[in-house]
Amino acid sequence: KLRLGTGNDLEIYHDGSNSYIAEGGTGDLIITSNTIRPRTDTFVVNNAANNQNMISAANGGSVELFFNGSKKFETTADGIEVTGAIFASGKLDVPDNAKLMLGTSDDLQIYHDGSNSYIKDSGTGDLLIGGDANVSIINSAASEFKAKFITNGAVELYHDNSKKLETTSTGATVTGCITNTAM
């Protein structure tokens, strides 16, 4: 082992199977870089053959992560850029007024403003909600229906969890009165 520091705080060694840089002192392990490759100001970690990047960090710029030599993650001035799919085993936590924006021109926006929740479409095409399953709109406690859209069947509208209107194969069924307020 190559041991450095008064208390042998830093060790560089190989155990016959793996190589280690081990920091065992009271502080952090800090790696600084000014120029790793000629004419650049980037810190790079490559594979053993030195023909594929694994990590690249530019001084004052982006940090890039690679999978099998292909860039998958990059920090940018605006945030991050991901190439490929994102899988989360927990929740995706987005604060109030931060928008999930979809489409090349951010045509679809989903967000919460602190008081209300929104699904907004810019008007290019239709806003479609599809699927082979039934669709229901319920209250936040999941204890009352507001509307049901039954696949290959009825549309049902509710008032205080009581069905008031239902489409049928022959028309519609109304429970209660129909009031016309037209003058």
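**Exercise 1. Two hairpins in a row**

How many residues lie between E15 and E16 in the hairpin they form? Work through the neighbouring strands as well.

*Solution.* This is a predicted model.

Step 1. E15 and E16 form a hairpin, with two residues between them.

Step 2. Look at the pairing. Strand E16 covers residues 171-174, and four bridges join E15 to it. The two run antiparallel. One pair to find is Leu165 with its bridge partner in E16, Val174.

Step 3. Go back along the chain. Strand E14 (residues 155-159) is joined to strand E15 (residues 162-168) by four bridges, again antiparallel. Here Tyr158 stands opposite Lys163 in E15.

Step 4. Check the turn. The hairpin of E14 and E15 has two residues between the strands, and Asp160 takes a positive phi near 55° there.

**Exercise 2. The sheet near the start of the chain**

Find the order of the strands in the open sheet that contains E1, and name its edge strands.

*Solution.* Step 1. The order is E1-E2-E3, and the pairing is antiparallel.

Step 2. The edges are strand E1 (2-4) and strand E3 (19-23), and each pairs on one side only.

Step 3. The twist from one strand to the next averages 10°.

Step 4. Follow one pairing. Three bridges join E1 to strand E2 (residues 10-14). Leu4 stands opposite Leu10 in E2.

Step 5. Now inspect the loop between E1 and E2, where Asn8 is placed. Most residues other than glycine have a negative phi. Asn8 has a positive phi, near 55°. Its relative accessible area is 37%, so Asn8 is partly exposed.

**Exercise 3. A second three-stranded sheet**

Which strands make up the open sheet with E10, and why do E9 and E11 count as edges?

*Solution.* Step 1. Three strands form this open sheet, in the order E9-E10-E11, with antiparallel pairing.

Step 2. Strand E9 (100-102) and strand E11 (117-121) each have a single partner strand, so one side of each is left without a neighbour in the sheet. That puts both at the edges.

Step 3. Neighbouring strands of this sheet are turned by 10° against each other on average, direction ignored.

Step 4. Trace the bridges. Five of them join strand E10 (residues 108-112) to E11. Gln109 has Lys120 as its bridge partner in E11.

Step 5. Look at the loop between strand E8 (79-82) and E9, which holds Asn97. Asn97 is not a glycine, yet its phi is positive, at about 70°.

**Exercise 4. Rings and charges**

Are the rings of Tyr13 and Tyr20 stacked or edge-to-face? Then find the lysines that lie over tyrosine rings.

*Solution.* Step 1. The model has three aromatic pairs.

Step 2. In the pair of Tyr13 and Tyr20, the ring centres are 4.9 Å apart and the planes are at 20°. Planes under 30 degrees apart count as stacked, so this pair is stacked.

Step 3. Compare accessibility. Tyr13 is at 22% and counts as partly exposed. Tyr20 is at 30% and counts as partly exposed too.

Step 4. Add the charges. The charged end of Lys1 sits over the ring of Tyr13, 4.4 Å from its centre. Elsewhere, Lys99 lies over the face of Tyr111, at 4.6 Å from the ring centre.

**Exercise 5. Glu74: buried or exposed?**

Decide from its accessibility, then list its surroundings.

*Solution.* Step 1. Locate Glu74 in strand E7 (residues 70-76).

Step 2. The relative accessible area of Glu74 is 16%. Buried means under 20%, so Glu74 is buried.

Step 3. Its side chain makes a polar contact of 2.9 Å with the side chain of Lys71.

Step 4. Leave out residues up to four places away in sequence. Glu74 then touches Ser62, Val63, Glu64, Gly79, Ile80 and Glu81.

**Exercise 6. Gly123 in its loop**

Where is Gly123 found, and how far apart are the C-alpha atoms of Gly123 and Ile138?

*Solution.* Step 1. Gly123 is in the loop between E11 and strand E12 (135-138).

Step 2. At 57% relative accessibility, Gly123 counts as exposed.

Step 3. Gly123 and Ile138 are 15 residues apart along the chain, and their C-alpha atoms are separated by 26 Å.

Conventions:
Residues are numbered from 1 along each chain as its sequence is written. This is a predicted model: local features need pLDDT of at least 70, side-chain atom pairs count only at pLDDT 80 or more; totals for chains, interfaces and linings use all residues. Side-chain values use heavy atoms; hydrogens and water are left out. Two strands pair if DSSP finds at least two bridges between them. Axes are lines fitted to C-alpha atoms, for helices over the stretch in contact, and angles run from 0 to 180 degrees between N-to-C directions. Rings of Phe, Tyr and Trp (its six-membered ring) pair if their centres lie within 6.5 Å; planes under 30 degrees apart count as stacked, over 60 as edge-to-face and the rest as tilted. Buried means under 20% relative accessible area, exposed over 50%, partly exposed in between (1.4 Å probe, protein chains only). A charge sits over a ring if NZ of Lys or CZ of Arg is within 6 Å of the ring centre and within 35 degrees of the ring normal. A polar contact is a pair of N or O atoms within 3.5 Å; within protein, one must be able to donate a hydrogen and the other to accept it, and residues adjacent in sequence count only if both atoms are side-chain atoms. Contact means heavy atoms within 4.5 Å.
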